[in-house]
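Please open the structure in the viewer and keep the selection tool at hand. The tour proceeds stop by stop, stating at each one what to select and what is found there.

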Amino acid sequence: MKKIFAADDSLAPLFLRIGLGLVVFAHGAQKLFGWFNGYGFTGTMKFFTETEGLPWILGFLVIILESIGALALVAGFATRFLAASLGFLALGIVLTTRIEFGFFMNWFNNQAGEGYEFFIFWIAMALSLFITGGGKYAADNLLQKS
């Protein structure tokens, strides 16, 4: 159990988890609260279940992971678990909704949707955090000591 919370005292994972956590949280806040021109919980759940055909529980877990989970990642709580979860989420997004649009993002609005280049960074950051743990100032460090 201690290995799950183990982390070195490096600053690099701190910056990775803050960067990944804040970016993912912005997307989660759109889904949960409707911030940043998002649809909010009800609208997002309707999109996930009716348009995308996701089971209700999976849509709910995505919203919670991207909002509350992202904030927990910033705090460094359960870093390895959350990093793995976010990595698999990003991979799922790529394989189900982005791969058909190719690699590049839609900067010039000349394709039907966004590519997956952003998610490569997301997955790489999550994989790094899964390997290293939360690093300096992570809540995991407190859990490991107790």
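**First stop: helices α5 and α6**

Select Thr79, Arg80, Ala83, Ala84, Leu86, Gly87, Leu89, Ala90, Leu91, Ile93, Val94 and Arg98 in α5; these residues meet Phe119, Trp122, Ile123, Ala126, Leu129, Phe130, Ile131 and Thr132 in α6. By class, the residues of this contact between α5 and α6 comprise 15 nonpolar, three polar and two charged. Please bear in mind throughout that the model is predicted.

Now display both helices in full: α5 covers residues 79-98 and α6 covers residues 117-132. Two packed helices are described by the angle between their axes and the distance between the axes. For α5 and α6 the angle is about 155 degrees, and the axes lie 8 Å apart. Because an angle over 145 degrees counts as roughly antiparallel, α5 is described as roughly antiparallel to α6. The crossing in which α5 passes α6 is left-handed.

**Second stop: helices α4 and α5**

Keep α5 on display and add α4, which spans residues 56-75. At what angle do α4 and α5 pack? The angle is about 140 degrees, and the axes of the two helices are 10 Å apart. This arrangement makes α4 oblique to α5. The crossing of α4 and α5 is left-handed.

To see the contact itself, select Val62, Leu65, Glu66, Gly69, Ala72 and Leu73 on the α4 side, together with Thr79, Leu82, Ser85, Leu86, Leu89 and Ile93 on the α5 side. The contact of α4 with α5 contains eight nonpolar, three polar and one charged residues.

**Third stop: the salt bridges**

How many salt bridges does the model contain? The count comes to two.

For one of them, select Lys31 and Glu66, whose closest N and O atoms are 2.8 Å apart. Lys31 belongs to helix α2 and Glu66 to helix α4, so this pair links distant parts of the chain, 35 residues apart. Are these two residues buried or exposed? Lys31 counts as buried at 17% relative accessibility, and Glu66 is buried with a relative accessible area of 3%.

For the other salt bridge, select Lys136 and Asp9; the distance from N to O is 3.2 Å. Lys136 lies in the loop between α6 and α7 (139-145), whereas Asp9 lies in the loop between α1 (2-5) and α2 (12-32), so the pair ties together parts that are 127 residues apart in sequence. Lys136 is partly exposed, with a relative accessible area of 21%, and Asp9 counts as exposed at 54%.

**Fourth stop: Gly76**

Select Gly76, in the loop between α4 and α5. Gly76 is buried, and its relative accessible area is 0%. Which residues does Gly76 touch, not counting those up to four places away in sequence? They are Arg17, Ala138, Ala139 and Asp140. Next, add Gly21 to the selection: Gly76 and Gly21 are 55 residues apart along the chain, and their C-alpha atoms are separated by 9.6 Å.

**Fifth stop: Phe5**

Move to Phe5, which is found in helix α1. Phe5 counts as buried, with 15% relative accessibility. Leaving aside neighbours within four places in sequence, Phe5 is in contact with Ala78, Arg80, Asp140, Asn141, Leu143 and Gln144. Then select Ala124 as well: Phe5 and Ala124 are 119 residues apart in sequence, and the distance in space is 20 Å, C-alpha to C-alpha.

**Last stop: Phe36 and Asn37**

Most residues other than glycine have a negative phi. With that in mind, select Phe36 in the loop between α2 and α3 (40-51). The phi of Phe36 is near 55 degrees, a positive value in a residue other than glycine. At 52% relative accessibility, Phe36 counts as exposed.

Finally, select Asn37, which also lies in the loop between α2 and α3. Asn37 is not a glycine, although its phi is positive, at about 65 degrees. Asn37 is exposed, with a relative accessible area of 77%.

Definitions and conventions:
Residues numbered from 1 in each chain as written. Predicted model: local features only at pLDDT ≥ 70, side-chain atom pairs only at ≥ 80, totals over all residues. Heavy atoms only, no water. Axes fitted to C-alpha atoms, helices over the stretch in contact; angles between N-to-C directions. Helix = DSSP H or I, 4+ residues; strand = E, 2+ residues; numbered from the N terminus. Parallel < 35°, antiparallel > 145°, perpendicular 65-115°, else oblique. Left-handed = near helix turned anticlockwise from the far one by under 90°. Contact = heavy atoms within 4.5 Å. Nonpolar A, V, L, I, M, F, W, Y, C, P; charged D, E, K, R; others polar. Salt bridge = Lys/Arg side-chain N within 4 Å of Asp/Glu carboxyl O. Buried < 20%, exposed > 50% of the residue type's maximum accessible area, 1.4 Å probe, protein only.
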